[in-house]
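This report walks through a pocket, a helix and a few backbone features of one model. Please keep the sequence and the coordinates at hand while reading.

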Amino acid sequence: MDTEAVRTFLRAAELGRLQHAADELGVTQQAVSKRIAALERELGARLFTRTVRGVELTHDGQAFLPHARTVVTGADRALTALGRGSRPLRVDVLGLRSAQAVLLHEYWRSHPDVELDVVTIKVSDPRAAVAAVRAGDVDATFRTVTDPAALPRDLRMLRAFDSPLELIVGPGHPLASARTLTPAQLRGHRIWVPGIAPRSEWAEFYDELVSAFDLRVDASGPNFGNEVLLDTLAESDEVATLVGARDRYLWPAGYDLRRIPIVDPVIAYPISLIVPRTNPHPRLQPVIDHFTSLPRLPGPCWLPSWAAVPHGRGGDTAARRP
């Protein structure tokens, strides 16, 4: 079985769009379609159905998905056994439009000779991403274990950067004309963040944020993705959401959505990088050095309690409250 075709199937299943899978894999959409078609012929089953928003797994596709992950994991571990330096540096990010991916792309543009494989492990529990680092499936992950005592001793967690939050609202929202907003000005407004997963680091973050500023964060309803969220914001005069300042969000020009910085204090989400303590990928240290040398946020800044400890550049998990 062609492992590249299986890997392509996995990326399309995870991202829901053939073009997004093509962008991540560095090939054309036509190449992705051909790989999937060849895999379907080999399996004698249809794996995807097309929708207006992309592709969805068929019942056969859902049945094949866990086996596909096993095939790709086995192939990757075989390559790892030949030596970490014989394959690209593999880094897990929360999403290809997340701040982690944006900054990692900026690093790669300055170091185009670095062979880099950016992946997205579709799990909410950071322990699953930690297990992937320990198994050698990825060389580093942008996740946070909020209790440092729960981090395995063979891993270390570094403070990568702090991501300031912004409010996104539609043109009819009462706050739409503001150039900046304070946390106090958000009080009483509905901030919709669908799909906050229990036991995730961001669930803990929003719990503390609500308590600290008496905010109304609504996590109700299923998470149908950013497109649906942005559709809702454009049509509503009462719903808002919070996003990272470096996160990429795209919407039609007619939506006229507004991204408004939050100040006095800045609300920041701390981003950590979990890496092996011993035998790391030989190309990992320059990436670590790049992220741990990024400038800190200026001015007063609110961070969750699990990040509010002294910052040590290049050392173990660290943070601070300016």
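The model described here is predicted. In the lining of its second largest pocket, the largest share, 5 residues, comes from helix 4. This second largest pocket has a volume of about 380 Å³, and of the 18 residues that line it, the closest to its centre are Arg11, Glu14, Arg69, Thr73 and Ile121. Helix 1 (3-15), helix 4 (59-81) and strand 4 (116-119) each supply at least two residues of the lining, which by class is made up of 6 nonpolar, 3 polar and 9 charged residues.

Helix 8, which spans residues 226-235, has Leu229, Leu230 and Leu233 as buried residues. Seen down the axis of helix 8, its buried residues fall within an arc of 95 degrees, so they line one face of the helix. The packing partners of these buried residues are strand 6 (155-169), strand 7 (190-192) and strand 9 (239-244).

Two aspartates deserve a look at their backbone angles, since each has a positive phi although it is not a glycine.

| Residue | Phi | Loop location | Relative accessible area |
|---|---|---|---|
| Aspartate 214 | about 55 degrees | between helix 7 (201-213) and strand 8 (216-218) | 52%, exposed |
| Aspartate 264 | about 50 degrees | between strand 10 and strand 11 | 56%, exposed |

Aspartate 264 also takes part in a cis peptide bond, the one that leads from aspartate 264 to proline 265, with omega near 0 degrees. Proline 265 is itself found in the loop between strand 10 (258-261) and strand 11 (266-276).

How values were computed
Residues numbered from 1 in each chain as written. Predicted model: local features only at pLDDT ≥ 70, side-chain atom pairs only at ≥ 80, totals over all residues. Heavy atoms only, no water. 1 Å grid on protein atoms, 1.4 Å probe; cavity = no way out; pocket = protein on both sides within 12 Å on 5 of 7 lines; lining within 4 Å. Points joined across faces, edges and corners; volume = space filled by probe spheres on them. Helix = DSSP H or I, 4+ residues; strand = E, 2+ residues; numbered from the N terminus. Nonpolar A, V, L, I, M, F, W, Y, C, P; charged D, E, K, R; others polar. Buried < 20%, exposed > 50% of the residue type's maximum accessible area, 1.4 Å probe, protein only. Arc of directions from axis to C-beta. Contact = heavy atoms within 4.5 Å.
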